[in-house]
Amino acid sequence: MSDGPDHIRVGPRTRIPLSELDISATRSGGPGGQHANTSSTKVELRWDLNGSPSLSAEEKARVRKELGNRISREGVLRLTDASTRSQH
């Protein structure tokens, strides 16, 4: 199973297609100078865990156990990062 630009690898045999991920950039609040306050440097990733065909029921249960506080009632995992003030 090779790595490619159309998916991310989340385990030795598990890949999630990028088409299942919703990634957006927004302005990040707080200190950081003019560039950080006017640029979209906070990145948010949303992934419909419940609707994903990429993981088995057992794998989904493990994600819920480990990241349950980041999963909405609708089963959407939401991760954000604004630590580097960059979309990269």
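This is a short walk through the fold, the sheet, the salt bridges and one surface patch of the structure above.

Morning, everyone. One caution before we start: the model is predicted. Please keep that in mind throughout.

Let's take the overall layout. The protein chain has 88 residues. It carries 2 helices and 5 strands. Follow the sequence and the pattern reads β-β-β-α-β-α-β. How much of the chain is buried? Of its residues, 23% count as buried. About 6400 Å² of the protein chain is exposed. Carbon and sulfur atoms supply 49% of that area. Now contacts. Take those between residues at least 6 apart in sequence: 46% of them join residues at least 24 apart.

On to the sheet. It is an open sheet of 3 strands. The order is E3-E4-E5, and the pairing is antiparallel. Which strands sit at the edges? Strand E3, residues 21-26, and strand E5, residues 76-81. Each of these pairs on one side only. From one strand to the next, the twist averages 15 degrees. Look at E4 next, residues 42-48. E4 and E5 pair through 6 bridges, in the antiparallel sense. To find your place on screen, go to Trp47: this residue stands opposite Leu77 in E5.

Now the part I'd like to spend time on: the charges. The model has 3 salt bridges. What do they add up to? A network that links Asp22, Glu44, Arg46 and Arg78. Let me go through the pairs.

Start with Asp22 and Arg46. They form a salt bridge, with the closest N and O atoms 2.6 Å apart. Asp22 lies in strand E3 and Arg46 in strand E4, so this pair ties together parts that are 24 residues apart in sequence. Both side chains can be placed by accessibility as well. Asp22 is partly exposed, at 37% relative accessible area. Arg46 is partly exposed too, at 25%.

Next, Glu44 and Arg46. Here the closest N and O atoms are 1.9 Å apart. So Arg46 has two partners in this network: Asp22 and Glu44.

Then Glu44 and Arg78. Their side chains meet in a salt bridge at 2.3 Å, N to O. Glu44 lies in strand E4 and Arg78 in strand E5, so the pair ties together parts that are 34 residues apart in sequence.

Is Glu44 buried or exposed? Buried, at 15% relative accessibility, because the cut-off for buried is under 20%. Arg78, its partner, is partly exposed at 44%.

Put the charges back on the sheet. One salt bridge runs from E3 to E4, by way of Asp22 and Arg46. Another runs from E4 to E5, by way of Glu44 and Arg78.

Last stop: the surface. Which residues make the nonpolar patch? Ile8, Val10 and Leu18. The patch covers about 220 Å². Ile8 is found in strand E1, residues 7-9. Its relative accessible area is 34%, so Ile8 is partly exposed. A residue needs over 30% to be part of a patch, so Ile8 qualifies on that count.

To recap. The open sheet runs E3-E4-E5, antiparallel. A salt-bridge network links Asp22, Glu44, Arg46 and Arg78. And Ile8, Val10 and Leu18 make a nonpolar surface patch. That's my tour. Over to you.

Technical notes
Residues are numbered from 1 along each chain as its sequence is written. This is a predicted model: local features need pLDDT of at least 70, side-chain atom pairs count only at pLDDT 80 or more; totals for chains, interfaces and linings use all residues. Side-chain values use heavy atoms; hydrogens and water are left out. Two strands pair if DSSP finds at least two bridges between them. Helices (H or I, at least four residues) and strands (E, at least two) are DSSP runs, numbered from the N terminus. Axes are lines fitted to C-alpha atoms, for helices over the stretch in contact, and angles run from 0 to 180 degrees between N-to-C directions. Patches are made of residues with over 30% relative accessible area and no salt bridge: like charges are joined within 9 Å, nonpolar side chains (Val, Leu, Ile, Met, Phe, Trp, Tyr) within 5 Å. Accessible areas come from the Shrake-Rupley method with a 1.4 Å probe; for residues, only the protein chains shown count as cover. A salt bridge is a side-chain nitrogen of Lys or Arg within 4 Å of a carboxyl oxygen of Asp or Glu. Buried means under 20% relative accessible area, exposed over 50%, partly exposed in between (1.4 Å probe, protein chains only). Contact means heavy atoms within 4.5 Å.
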